[in-house]
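Got the model open in your viewer? Grab the selection tool and follow along, one stop after another.

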Amino acid sequence: AVVSTQSGHYAGEQFNINFANEKLQQYFNKHIFSLEQLEYNQEGIPWSDIDWTDNAGCIQLVERKMGIFSIIDEESRFPKGTDKSMLEKLHNANAKNTFYIKPKITGSDFGIRHYAGDVVYNTVGFLEKNRGSFRDDLITLLKDSKSDFMYDLFEGVKLSSERGGRGKPKSATVASSFKESLSSLMTTLSASNPFFIRCVKPNATKQSNNFQNQLMINQLRYSGMMQTVVIRRSGYPVRRLYADFCSRYQPLLAAIYTKDAKDKVSLYLTKNASEKEWQAGKTKVFMKETLENVLEQQRVIILGSAATMIQKHWRGAIARMHYRKRLDNIIKVQSIVRAHLYRKLYLQTKSAALVVQKYVRGHIARQLVAEMWAEKCARLEAELESQRQALEARRAEMERLRKEAQEQEADQLRKELEEEEAARKKEEEERKKIEEERMREAMRKMEELEKKRREEEARKLEEEKIRIEEERLEKERRWSVSGRRLKNKRRISCVKSWKKKKLQERRKKKSERRSKKRG
């Protein structure tokens, strides 16, 4: 994502997003330019350094020891810290930094020169949002959740006692948590082999068929794509393996009799191209785009002439094939005409012979027909008799099979009825068991309620007796002449009440044992 170049009053969330974009842009620049330089070095091609926009200063401004993140966290942990005091510390610590923008008019804003342009942030609510964090008991509860999703979300979240080290544990802030997450992301990216996809917005109003050239050029420039294009154009953008070069431009290399692909490519390019247009690497040949266009044109010309030669021989073969086919057709027509004439003569001779044969064969045939008719009648009578016997046997067999099928169906129906009866009885028994279990449960609950009611009545009776006894004792104390006598009576009453209480406890235990046995 490219940061907006227009000045605005953005909050802390946009500040974190823009810082993440800065880190990703730095990783993209280092990865692309280092890969380009690594390929040139591996192939032994001279490399000329190219200037590109480095945003390391902006990143240092945010994440250095006394950077913006450190000051925000320090003010967030300070009890009397405010947005105004935080802004003053930011101005004092970073006023001389070229990537920091201190407004000329005193207010609650500060700015940063990002790789995509200057952005102004409003500090109102910075500290309050930065302090927002979970309590340790909530984090522990979410870590112990049985939901895999919740566990994965809070698995890496540390408690305040795990972050502080020595002394008083420090509570996590939004800035520190975001910084740790971003550091983990960059570590993961550094250990992987990434592929970059750059998204470009055609316009700022989200309209179709509306392309703003300046906006798109700015996005390409700020995303590092222009530097990438400059690198590719200043060097050798076309790179082919020697085997691939020989495979594609084989028509051009037909006159060079060398088995080694590198030697064959070098010999051809030395004779037909200047040294500035190509360079020979260890495994690849590096070429300018103009040289590739020339090679492609020559390849097209040679392949075109070869195709013309192939077409010439192919058309000649087709013409010869058509000539042979016409010659064969003429010979076939001649043979058909001659055969028709000879056949006509043959048919005339044959018709005369057939007239003579017809009368002779007719007489012989009539005699044979009479004999065959007699034989056929006898054979038909025998066949009818055999068919009648077979039909009777088939009817008897069908009757037998029908009876067997009826018996099997009756047996099957009887088995099904028995199974249904057994299932019905089983369901009835299970239903009775469930009803009995419910009755036992109801009886047990009724006994418990009755037991509680009796205990409550006994408690109330005991309290009433104690109250009456106390009133009686109070009256005796008043009426008694000797205090000693009153004390003895009190002791006696206390002993009696204690004995009654013990007796009730024994009865209670006996009733509980009885109820357990019944249950």
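Start by selecting β3 and strand β4 (residues 117–122) in this predicted model. The two run antiparallel and are joined by six bridges. Between them sit two residues, and together the strands make a hairpin. Click on H114 and look straight across: G117 in β4 stands opposite.

Now keep β3 (residues 109–114) selected and turn on the surface around it. How many of the six residues of strand β3 are buried? Five are, so the strand is largely enclosed by the rest of the structure.

Add strand β2 (residues 100–101) to the view. β2 pairs with β3 in the antiparallel sense, over two bridges. Pick out Y100 here: its bridge partner in β3 is I112. As you trace a strand, keep in mind that side chains alternate between the two faces of the sheet when the strand is regular.

**Into the core**

Next, select F110 and show what surrounds it. Neighbours within four places in sequence aside, F110 is in contact with a list of residues that includes I68, L87, L90, Y100, V119, Y121 and F126. F110 also belongs to the largest nonpolar core, which has 23 residues. Which residues have the most contacts inside that core? They are F15, I68, F110 and I112.

To see where this core comes from, colour the elements that give two or more residues to it: α1, α2 (56–63), α3, α4 (83–94), β3, β4, α5 (126–131) and α9 (174–190). Apart from this core lies another, with 17 residues. Y242, F245, L253 and L291 are among its members, so to speak the landmarks to click on.

**The rings**

Time to look at aromatic side chains. The structure holds ten aromatic pairs. Select F15 and F69 for one of them: the rings are edge-to-face, 5.7 Å centre to centre, with 80° between the planes. F15 sits in helix α1 (residues 12–43) and F69 in helix α3 (residues 68–77), so you are looking at a link between distant parts of the chain, 54 residues apart.

Are F15 and F69 buried or exposed? F15 counts as buried because its relative accessibility is 2%, and F69 is buried as well, at 2%.

Leave F69 on and add F19. The centres of these two rings are 5.3 Å apart and the planes meet at 85°, so this pair is edge-to-face too. F19 is in helix α1 and F69 in helix α3, so the pair ties together parts that are 50 residues apart in sequence. F19 is buried, just as F69 is.

Now widen the selection to F15, F19, F69, Y100, F110, Y121 and F126: they form one aromatic cluster. You have met F110 already as a residue of the largest nonpolar core, and Y100 as the bridge partner of I112.

**Another sheet**

Move on to β5, β7 and β6. In that order, these three strands form an open sheet with antiparallel pairing. Its edge strands are β5 (238–241) and β6 (278–280), each of which pairs on one side only. Direction ignored, neighbouring strands here are turned by 20° against each other on average.

Zoom in on β5 and strand β7 (residues 284–287), which pair in the antiparallel sense over four bridges. Select V238 and you can find its bridge partner, M287, in β7.

What lies across β5, β6 and β7? That is α1, running at about 120° to β7. Helix α13 (residues 261–272) packs on the sheet as well, touching β6 and β7, and its direction makes about 155° with that of β6.

**Last stops**

While you are on helix α1, select N29, which lies in it. N29 is buried, with a relative accessible area of 3%. Then add T228: the two are 199 residues apart in sequence, yet 8.8 Å apart in space, C-alpha to C-alpha.

Finish with cysteines. How many disulfides does a search of the whole structure find? Zero. Two cysteines to click on are C58, which counts as buried at 1% relative accessibility, and C377, which counts as partly exposed at 32%.

Conventions. Residues numbered from 1 in each chain as written. Predicted model: local features only at pLDDT ≥ 70, side-chain atom pairs only at ≥ 80, totals over all residues. Heavy atoms only, no water. Phe/Tyr/Trp six-rings, centres within 6.5 Å; stacked < 30°, edge-to-face > 60°. Buried < 20%, exposed > 50% of the residue type's maximum accessible area, 1.4 Å probe, protein only. Pairing = 2+ DSSP bridges. Axes fitted to C-alpha atoms, helices over the stretch in contact; angles between N-to-C directions. Contact = heavy atoms within 4.5 Å. Core = buried A, V, L, I, M, F, W, Y, C linked by side-chain atoms within 4.5 Å. Disulfide = S-S within 2.5 Å.
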